[in-house]
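Work through the following exercises with the predicted model open beside the text. Each one sets a task and is followed by a solution in steps.

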Amino acid sequence: MAGSPTIGIFGAGWVGLVTGACFADLGHDVIVRDVVPERIDALKAARTPFHEPELSDVLARNAERIHYTLEADDLASAGVLFICVQTPPTYSGDADLSYVWTALDDLPHTDERQLLVMKSTVPVGTGEKVRAALDARGLTNVGYISNPEFLAEGTAVRDFMKPDRIVIGAFEAEDGAAVEALYAGIDTPVVRTDVASAEMIKLAANAFLSTRISFINEIANVCELVGADVQSVAQGVGLDHRLGPHFFRAGVGWGGSCFGKDVSALKQLAGNSGYHFQLLAAVIEVNELQKRRVISKLEKHLGRLRGKTIAVLGLAFKPDTDDMRDAPSLVIASRLLAEGAVVRTWDPVADARDRLIGATQCATVLEAVTGADAAVIVTEWEELRQLASADVRDAMRLPLIVDGRNLLDPAETRRAGFAYEGVGRPSSPLEALPETEPAVPVSGST
Ligand code: UGA
């Protein structure tokens with residue numbers, strides 16, 4: 001693109017690669033730098049190091065415009081540098097910014113004007129600290145801009161190309177304008193603001209999305225007690241234009257590398273500033289308990305779980321990704337193993353063999369459910385929509401489905417000969433199935 005600066009990217013993870021690929025697709029020249037040699041080798045050999053729909057295609061069609069390197073100095077020619085490194089939580093719940101500071105240490109030397117753009121999610125106040133650090137190093141030629149990402153895994157390319165908004169927080173208005181110009185071709189509202197507000201927008205957005213899910217999960221838990229169906233409730237509530245339908249699906253809790261980290265980081269940030277963010281404390285606790293409710297649901301039908309075989313279907317924290325960071329499946333499977341259950345897992349792309357020691361990872365759904373006393377849907381993979389089939393029913397020892405994502409139709413599932421337990425919906429017991437073996441007594445359960 002004539003006149004447009006080369007874009008440098010620190011970090012070839014989800015955010016960095018998607019950002020680099022999509023900027024290349026918009027016509028920019030891009031250099032992606034990572035410190036992991038295997039990752040750079042894979043990318044140079046046109047192998048995408050993780051599962052993200054569309055990403056391999058975008059990288060392939062822009063191969064001429066994207067270069068990969070281990071050397072930070074190769075970014076010296078880049079007019080704009082995006083920081084896309086991890087900011088994992090520390091033990092205290094604060095965000096660990098060590099990768100950000102390392103990227104700053106690695107900044108290539110240039111006398112030209114260079115813009116440093118923070119895409120990684122960072123605590124409010126990070127921009128001020130980075131600005132001070134740049135100034136202390138005499139790097140007044142480097143401008144600093146906060147431009148948070150709102151990419152969700154599984155839809156990251158679409159989220160970049162068709163975003164709901166672009167947020168740009170800058171110390172200098174012309175720096176913000178230069179970053180906005182990079183997105184030319186994308187038609188969406190642009191929020192231009194100060195750096196602290198841009199940082200807060202990202203944290204508040206993730207915290208509010210998590211709050212909505214924890215809220216509907218609590219409504220679901222009450223629905224179970226009073227005989228209501230949370231699916232209808234969410235539909236009826238979500239049609240209110242002031243509330244909207246999104247992020248209102250009850251389930252086994254939210255996971256992934258972002259929500260837990262960012263909600264904790266915002267709660268911690270508030271605490272560090274002298275404010276106790278009670279609502280977020282509850283949002284986190286509700287989510288932890290929600291994952292564990294699967295165990296009591298199984299016990300309700302099966303009694304003690306020791307020696308029972310449970311198929312855990314879906315390991316990734318959501319469909320269309322192989323990411324298992326903070327996945328509800330890890331907590332559910334670990335609790336089952338701790339109860340002495342035999343755990344058989346299945347996922348089309350995620351691999352938990354080194355994380356769930358003692359569980360057996362199966363290649364197919366049918367293999368996972370064979371001989372099982374219950375099948376638990378943890379991730380709403382498309383393949384699992386057909387779970388209530390005769391083959392599955394015949395393969396299971398007891399035909400019990402715990403649908404942790406409300407993926408199946410309860411009535412159809414019952415008609416297909418399964419006992420059914422969803423989230424926030426009426427359940428049907430094994431005893432109600434005429435052709436099944438009598439279920440293990442319910443007494444003493446839950
Ligand atoms: C999230 C945000 O959605 C992105 O906007 C943000 O950019 C990203 O974090 C980030 O900070 O980098 P992501 O974690 O990839 O994206 O996935 P989500 O689609 O938000 O799902 C998070 C979790 O919530 C999943 O476990 C999902 O199953 C769960 N969920 C989602 C529900 O339980 N119910 C819902 O209604 C929606």
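The exercises below treat a helix, a strand with its partners, two loop residues and the surroundings of the ligand.

**Exercise 1. The faces of helix H2**

Task: determine which residues of helix H2 (residues 37-44) are buried, and what covers them.

Solution. Begin with the accessibilities, which show that Ile40, Ala42 and Leu43 are buried in helix H2. Next, look down the axis of H2: its buried residues fall within an arc of 160°, so they line one face of the helix. A general rule helps in reading this pattern: an α-helix has 3.6 residues a turn, so residues three or four places apart point the same way. Then turn to the face of H2 directed away from the buried side, where the exposed residues Glu38 and Lys44 are carried. The cover over the buried residues of H2 includes helix H1 (14-25) and strand S2 (30-33), together with helix H3 (55-61) and strand S3 (66-69). Finally, follow the chain past H2 to Ala46, whose phi is positive, near 65°.

**Exercise 2. Strand S5 and its neighbours**

Task: establish how many residues of strand S5 (residues 114-118) are buried, and in which sense S5 pairs with strand S6 (residues 142-146).

Solution. First, count the covered positions: five of the five residues of S5 are buried. Second, sort them by direction, which places Gln114, Leu116 and Met118 on one side of S5 and Leu115 and Val117 on the other, all of them buried. This can be set beside the general rule that in a regular strand the side chains alternate between the two faces of the sheet. Third, examine the pairing with strand S4 (residues 80-83), which runs parallel to S5 and is joined to it by four bridges; here Phe82 stands opposite Val117 of S5. Fourth, examine S6, which pairs with S5 in the parallel sense over five bridges, with Ser146 as the bridge partner of Met118. Last, trace the connections: S4, helix H4 (residues 98-105) and S5 form a right-handed β-α-β unit, and S5, helix H5 (residues 126-136) and S6 also form a right-handed β-α-β unit.

**Exercise 3. Two loop residues**

Task: decide whether Arg405 is buried or exposed, and do likewise for Pro163.

Solution. Locate Arg405 in the loop between strand S13 (400-403) and helix H15 (410-415). Its relative accessibility is 17%, and because the cut-off for buried is under 20%, Arg405 counts as buried. A polar atom of the Arg405 side chain lies 2.7 Å from the backbone oxygen of Val378, and the residues that Arg405 touches include Val252, Phe317, Pro328 and Glu380. Now move to Pro163, in the loop between helix H6 (156-161) and strand S7 (166-170). With a relative accessible area of 15%, Pro163 is buried as well, and among the residues it touches are Arg158, Ile186 and Thr188. Pro163 and Leu151 are 12 residues apart in sequence, while their C-alpha atoms are 8.5 Å apart in space.

**Exercise 4. Around the ligand**

Task: identify which of the 20 residues around the ligand come nearest.

Solution. The nearest of these 20 residues are Glu149, Glu153, Lys202, Asn206 and Lys318. Take the side chains next: a polar side-chain atom of Glu149 lies 2.6 Å from a ligand oxygen atom. Then consider the backbone, where an N or O atom of Phe150 lies 3.4 Å from an oxygen atom of the ligand, and a polar backbone atom of Phe248 is 3.2 Å from a ligand oxygen atom.

Key
Residues numbered from 1 in each chain as written. Predicted model: local features only at pLDDT ≥ 70, side-chain atom pairs only at ≥ 80, totals over all residues. Heavy atoms only, no water. Helix = DSSP H or I, 4+ residues; strand = E, 2+ residues; numbered from the N terminus. Buried < 20%, exposed > 50% of the residue type's maximum accessible area, 1.4 Å probe, protein only. Polar contact = N/O pair within 3.5 Å; in protein donor to acceptor, adjacent residues only side chain to side chain. Contact = heavy atoms within 4.5 Å. Arc of directions from axis to C-beta. Pairing = 2+ DSSP bridges. Right-handed = clockwise from strand over helix to strand, strands pointing away. Near = heavy atom within 4 Å.
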